Amino acid sequence: MKNILIVAALALLTACTQTPDWDYDKSANFSNFKTFAWVENASLTKDTNNYQINGLMEKRVRTAVNAELSQTLGMSLVDAAQADVLVNYHASVDKELEVDTFNVNYRPHWGYWGTGFQRDTTAREYEVGTLIIDIVDRESNQLVWRGAKEGRLKKNQSPEKREASINKTVSEILSNFPPQKQL
C-alpha cells in the first residue's frame with residue numbers, strides 16, 4: 001500500500017504551488033563537480049517515514065535527474081568510483097486536513113421578519129507528497145546540497161502526465177543546483 005501511495009505522490013507533484021526549498025554547504029566548491037553517479041539503492045532509507053518507490057517511478061525520477069544534470073548542467077553520468085558527487089533521493093507522502101467554515105446570513109421565509117445565521121464547516125483530507133534530492137561529495141562523503149519540493153497530490157493521472165509531473169518537479173528542485181551566489 002505504501003508503494004502505491006508514493007507512486008501517486010511523485011506522479012502528482014505538479015499540482016503543488018509550493019516553491020522548492022534548498023540548502024547547501026557554503027564551503028563546497030561546486031565548480032569542481034563535473035561528474036555524478038547514483039547512490040546504490042537511492043530511494044531506500046532507514047527512516048520509516050520514507051517510502052520505497054516502485055520500479056516505474058524509480059525510473060522516471062532517475063531519468064529526470066539524469067536529464068537535468070546532464071543536459072541542463074553539462075555533468076556526466078559515470079561509475080560511482082569516478083564520480084565527483086553522488087545523487088540520492090527520498091520521497092514521502094503525508095496526509096493533511098483542510099477545514100473550511102462558511103458563515104451565511106439569510107432571511108427566513110416562514111412568515112416572520114428577521115435574519116438568520118448559519119455556519120457550515122467542511123473538512124477534507126488530502127495527501128501531500130515530498131520529493132527530496134541530495135547531492136553528496138563522493139570524496140568527503142558529506143552532503144553538500146539538498147533540494148526539496150512538496151505539494152498537494154492529484155490522482156488518476158496517465159503515465160504521460162506522471163512523467164511530465166516528475167520532469168517538472170525535478171527541474172524545479174534542481175533549478176538552484178549549483179547554488180546561485182547570493183548578493
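Where is the place of isoleucine 135? It is in strand β5, and the legends below return to this residue after an overview. The model shown in every view is predicted.

**Figure 1. Overall layout of the predicted model.** The protein contains three helices and six strands. Along the sequence, these elements follow the pattern α-β-β-α-β-β-β-β-α. Of the 183 residues in the protein, 39% are buried. Contacts between residues at least 6 apart in sequence were also sorted by separation: 77% of them join residues at least 24 apart.

**Figure 2. Surroundings of isoleucine 135 in strand β5.** Isoleucine 135 has a relative accessibility of 1% and therefore counts as buried, the cut-off being under 20%. Leaving aside residues up to four places away in sequence, isoleucine 135 touches Val85, Leu86, Val87, Gln142, Leu143, Val144, Trp145 and Phe177. Valine 39 is 96 residues from isoleucine 135 along the chain, and the C-alpha atoms of the two are separated by 9.6 Å.

**Figure 3. Surroundings of tryptophan 22 in strand β1.** Strand β1 spans residues 21-24. Tryptophan 22 has a relative accessible area of 31%, so this residue is partly exposed. With residues up to four places away in sequence not counted, the residues that tryptophan 22 touches are Trp145, Arg146, Gly147, Glu172, Ile173, Ser175 and Asn176. Trp145 is also among the residues touched by isoleucine 135. A separation of 8.5 Å lies between the C-alpha atoms of tryptophan 22 and proline 179, which are 157 residues apart along the chain.

**Figure 4. Packing of helices α2 and α3.** Two packed helices are described by the angle between their axes and the distance between the axes. Here α2 covers residues 55-72 and α3 covers residues 159-173. The angle at which they pack is about 45°, and their axes are 9 Å apart. The two helices are therefore oblique to each other. Their crossing is right-handed. On the α2 side, the contact is made by Met57, Arg60, Val61, Ala64, Val65 and Glu68. These meet Pro159, Arg162, Glu163, Ile166, Asn167, Val170 and Ser171 on the α3 side. By type, the residues of this contact are seven nonpolar, two polar and four charged.

**Figure 5. Strand β2 and its pairing with β3.** In a regular strand the side chains alternate between the two faces of the sheet. Strand β2, made of residues 35-38, is covered on both faces. Thr35 and Ala37 are on one side, Phe36 and Trp38 are on the other, and all of them are buried. Strands β2 and β3 pair in the parallel sense, over two bridges. Threonine 35 has serine 76 in β3 as its bridge partner.

**Figure 6. Alanine 81 in the loop between β3 and β4.** The loop that holds alanine 81 lies between β3, residues 76-77, and β4, residues 85-106. Alanine 81 counts as partly exposed because its relative accessibility is 48%. Glutamate 139 is 58 residues away from alanine 81 along the chain, with 9.5 Å between the C-alpha atoms of the two.

**Figure 7. Backbone geometry at asparagine 141, asparagine 156 and proline 178.** Most residues other than glycine have a negative phi, and most peptide bonds are trans. Asparagine 141 has a positive phi of about 60° although it is not a glycine. This residue is in the loop between β5, residues 116-137, and β6, residues 142-152. Its relative accessibility is 56%, so asparagine 141 counts as exposed. Asparagine 156 likewise has a positive phi, near 60°. The loop between β6 and α3 contains asparagine 156. With a relative accessible area of 79%, asparagine 156 is exposed. The third site is a peptide bond: the one from phenylalanine 177 to proline 178 is cis, with omega near -10°. Proline 178 belongs to the segment after α3. Phe177, on the other side of this bond, is one of the residues that isoleucine 135 touches.

Note on methods: Residues numbered from 1 in each chain as written. Predicted model: local features only at pLDDT ≥ 70, side-chain atom pairs only at ≥ 80, totals over all residues. Heavy atoms only, no water. Axes fitted to C-alpha atoms, helices over the stretch in contact; angles between N-to-C directions. Helix = DSSP H or I, 4+ residues; strand = E, 2+ residues; numbered from the N terminus. Parallel < 35°, antiparallel > 145°, perpendicular 65-115°, else oblique. Left-handed = near helix turned anticlockwise from the far one by under 90°. Contact = heavy atoms within 4.5 Å. Nonpolar A, V, L, I, M, F, W, Y, C, P; charged D, E, K, R; others polar. Buried < 20%, exposed > 50% of the residue type's maximum accessible area, 1.4 Å probe, protein only. Pairing = 2+ DSSP bridges.
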